[in-house]
Amino acid sequence: MAKRCILSCFNSLALAILLLFPSFIFGQPGSSSNPFTQLGNAWSVPSSGIYHFNIGGTAFSTYVEAGNGWILIASGSASTSESSYASTTSLTLQSDKILPAIVYASTDIVKVRINATSGPALPFDVETSDAQTLTNLRADVTLSVNSNGSAWTGTGTSYMSKLYGCSSTSSLSSRIYHACNNGGGLHWLMPDNIEKVSYSSGTENDLNLWVRADAAAFLPVEMIDFDARRTSKKVNLSWQTASEHNNDGFQIQRSSDSRNWEMLSFVPGKGTTQESQSYTYTDEHPLLGMNYYRLLQLDFDGRSEYSKVVGIELENSDGHVQLFPNPSDGDLSLALDLEYIGEATFTLSDCTGRRLKTLMLSLDGGISSHKIDLGGMPAGIYMAMVQAGAKTWQQRLVLK
């Protein structure tokens, strides 16, 4: 019994630690125990440094710059002469290494960058999204093959000019940017031989090759779940995120037909965080019948992304209220089947909650039908409500 109690207490403690400190168990996103799974995750790193990835089963670590998505894929030291870069899965600055080809063959890559961190030709920092250069990158051949040096932008673009017909088709590890094939074992040859070459180290620069995935393709919020549950006559929405980047917040939208949507509320996000977050919202006045919900996640820079759609049905156990046709051109019928005797109130409100029409209805406890003329009201989405005693029914109405 004592042993069972000790084991139970230990399991409870472990569960509590897991729930309270998930990053303690699994590690922060980008750590060796919790690697990034897409190149676009580089946009979310909180600070520049070494981060871990696992892309298509290839695990590697490399340097990532914060705030711009650049991922280091090759780096060379000016003081080292070598015939080719060795492939590595643990890349650091000026290590004379290159990541495996499967990494830079990714179709997620939309831009390439070369910069120098030290040497005589500074500053030097150029980049390009040239289609031929990207094709060369993914094919693991020298970047200057059939490309145009003028496609590069930044500081030091004059070093990228080349003569057509003199580009080597060697692999990247042998010649990363080789403009003129006029020397053996050249890696980063630029005009005047002032960039990194395999000889005369006194006039070389340290050089780095970077790649970047499309920021628009990187979902700024990694959603774990989105769920709707009914509690009495309310609908409770809940959702969780695994990480957030530049997240302004969530629009909560509702529909009765999953085609026409209205905004219910806005829930602020957490900006940028690598910690999991939980959110809730209660729809105090759901529609009779089917209610569909979705989230519109909004980024601070204007980008947006929809969540999946969840649906839940609210049945009316205290009677039946129906508006038809819906959508309507203004000639509306209201059918009531309520066990209520007395005066009931019909109100029509706009999306801001402002009441536009109020009618008094006389009910005798049975089935009744009422004609409501809404002619002349502008087309749009309205909320119709019937209140009979302490009970209220609501339904979304579309006027066309």
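This short talk walks through strand 7 and its neighbours, and then turns to the aromatic rings.

Please keep in mind throughout that what we have on screen is a predicted model. I would like to start with strand 7, which covers residues 125-128, and to ask which of its residues lie on the covered face and which on the uncovered one. V126 and T128 make up the covered face, while D125 and E127 make up the uncovered one. As a general point, side chains in a regular strand alternate between the two faces of the sheet.

Moving to the neighbours, strand 6, residues 109-118, runs antiparallel to strand 7 and is joined to it by four bridges; within that pairing, R113 has E127 as its bridge partner. Strands 6 and 7 form a hairpin with six residues between them, and in that turn G119 has a positive phi of about 130°. Strand 7 is also joined to strand 8, residues 153-155, by three bridges, and these two strands are again antiparallel, with V126 standing opposite G154 of strand 8.

R113 brings us to the rings, since the charged end of this arginine, whose bridge partner is E127, sits over the ring of W210, at 5.1 Å from the ring centre. A second arginine, R212, places its charged end over the ring of W70, and here the distance to the centre is 4.4 Å.

Finally, how many aromatic pairs are there, counting ring centres within 6.5 Å? The count comes to nine, and ring pairs link F36, Y51, F53 and F60 into a cluster.

Terms used
Residues are numbered from 1 along each chain as its sequence is written. This is a predicted model: local features need pLDDT of at least 70, side-chain atom pairs count only at pLDDT 80 or more; totals for chains, interfaces and linings use all residues. Side-chain values use heavy atoms; hydrogens and water are left out. Buried means under 20% relative accessible area, exposed over 50%, partly exposed in between (1.4 Å probe, protein chains only). Two strands pair if DSSP finds at least two bridges between them. Rings of Phe, Tyr and Trp (its six-membered ring) pair if their centres lie within 6.5 Å; planes under 30 degrees apart count as stacked, over 60 as edge-to-face and the rest as tilted. A charge sits over a ring if NZ of Lys or CZ of Arg is within 6 Å of the ring centre and within 35 degrees of the ring normal.
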